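Work through the following exercises with the model at hand. Each task is followed by a stepwise solution.

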Amino acid sequence: MRRVFLELHQLNLDLDNPRLPLPRPTSLNGALNAMLALQRDKLFRLAEDVVERGLAPGEALYVLETKDNPNIYTVLEGNRRTAALKILDNPALDGELPFFKQGEGRALLKRFQLLRPLFDRSAIDPLFCVVTPDREAAVPWLQRRHAGEMDGIGLTGWDAPERDRARNPNSPMVTLTDFLRTEGLNDDEDRIVQRQYTTIERIIDTVSARRKLGLEVNSGVLCSLIDPDQLLGVVKGLLAKIAATPAPSRLLNKAEAIEAFVDELPLGILPDPDRFAAPVSLKALREHYRATSAEPTETPESTPPAANATPPPPAPHPRPPPRRETLFKRGEVPAFEPRARDILGELTKLKQSTHPTAVTILFRVFLERSVREYVEKHEIAVPKKGGHEKVSDFVVASFNHITAANPNLELKALERVVRAGLAPHHIDVLNRVVHDRFAFASTSDIENIADTFRDFLVALWSKMR
């Protein structure tokens, strides 16, 4: 193959262009008319872009020299560009192309005629071309441009985050996507981000919903009000709910619907606003919390500061209270039933930060074992819904019974959940870890749910002694 520069008049459209439908055109004007009828407004937009910006300097046309005329070449790659240029360059085609004589074609012709005076042929002539010895030699290169990604061999288009990053690398949604991919998304979660990118962006752009997720925007910068581990859990919970919602892009198209959607996330996923810290940019979030968790270095009081010493940096933003390493401490819950006691023993040993899935499943089993034991001991009737016994119904029945029997007992955390009818949501968070392939075990989720049930579980086992 050899590189050459050719004039526009030396180029002919390809009558065997794969773009053109059967039957193939038999003349050059027929090929141009077929391309025009096929591309329509797209061809005009291409012509408009060529007038405004010219041709891409790094993209050659692939051409084949005709046997009967060595100075004329058939365009194998770049037929759309060639068609747009020929219409711009030759007003005589206005009356020769049948498409321009019908309704939509006449309107398109008027647009080309208005654009034509702005076209400067000298700005594009001569055109950069690569001459191929035959069609077969060009096929591999045409496939790499037009046959898709071909497992990475062909042109690979930008995904939604990459397109957005090219337009505005500091947009809140780009910042959130980069944070998630840095902190760790599995393949399923990353696909959700790509497929529902604009849906997630609408959620993040809705101020009330964004705040509920522990986020805010300061001077165009997306900031977090919670630590990075908790934020990762919150957004992963949001992704799981989006994945489980039919047609989320249609549902989440108004602020009211978006806020209601976020409100439906279980309390075990949504952060507690009372524990929000000062906002920190997501781009510096991990480094910020790593720095604030480091031990401060003490300076002897007897050492006076230098006269020109650099002033100390501002105090770090306050951190939320530290998490427990394990959900329960030894002896905290007086479980005596052998099966429940064994499970509780494991929960007092496993760290939720390193074994979140095991801890979540064990807690789910321990909670069910606890409420069932209480219900059986006190012979409480629990209604069956649809022929099934639900753990959330056992929780509500146990809560109602123990608080009625002990009016002075304070279980404020669980009371808010039960009174709001959200107990099933909490149990569903635990169930999804077991049954839903899109779900995950989040340390923030399990800690928040355990905080809700901890005093309740202590009371249950204490009253059963």
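**Exercise 1. Find how many disulfides the whole structure holds, and classify Cys-129 and Cys-223 as buried or exposed.**

Solution. A disulfide is counted as a pair of cysteine sulfur atoms within 2.5 Å. A search of the whole structure with this criterion returns zero. Next, take accessibility: buried means under 20% relative accessible area, exposed over 50%, and partly exposed in between (1.4 Å probe, protein chains only). Cys-129 has 0% relative accessibility and is therefore buried. Cys-223, at 6%, is buried too.

The model is predicted: local features need pLDDT of at least 70, side-chain atom pairs count only at pLDDT 80 or more, and totals for chains, interfaces and linings use all residues. Residues are numbered from 1 along each chain as its sequence is written, and side-chain values use heavy atoms, with hydrogens and water left out.

**Exercise 2. Place Cys-223 in its sheet: which residue stands opposite, and in what order do the strands run?**

Solution. Helices (H or I, at least four residues) and strands (E, at least two) are DSSP runs, numbered from the N terminus. Two strands pair if DSSP finds at least two bridges between them. Three strands, ordered S6-S7-S8, make an open antiparallel sheet. Its edges are S6 (215–218) and S8 (280–281), each of which pairs on one side only. Four bridges join S6 to S7 (residues 221–224). Cys-223 lies in S7, and Glu-216 stands opposite.

**Exercise 3. Check the length of helix H5, then describe its ends and Trp-141.**

Solution. The expected span is 1.5 Å times one less than the number of residues. For the 12 residues of H5 (135–146) this gives 16 Å, and the end C-alpha atoms are 15 Å apart, which agrees. At the start of H5, a side-chain oxygen of Asp-134 comes within 3.2 Å of the backbone nitrogen of Glu-136. After H5 comes Gly-148, with a positive phi near 90 degrees. Trp-141 sits in H5 and, at 43% relative accessibility, is partly exposed. Contact means heavy atoms within 4.5 Å; leaving out residues up to four places away in sequence, Trp-141 touches Met-1 and Tyr-62. The C-alpha atoms of Trp-141 and Tyr-62 are 9.1 Å apart, across 79 residues of sequence.

**Exercise 4. Which residues have the most contacts inside the largest nonpolar core, and which helix gives the most to this core?**

Solution. A nonpolar core is a set of buried Ala, Val, Leu, Ile, Met, Phe, Trp, Tyr and Cys residues joined through side-chain atoms within 4.5 Å. The largest has 41 residues, with Phe-363, Phe-366, Phe-453 and Phe-456 making the most contacts inside it. H20 gives the most to this core, nine residues.

Technical notes: A polar contact is a pair of N or O atoms within 3.5 Å; within protein, one must be able to donate a hydrogen and the other to accept it, and residues adjacent in sequence count only if both atoms are side-chain atoms.
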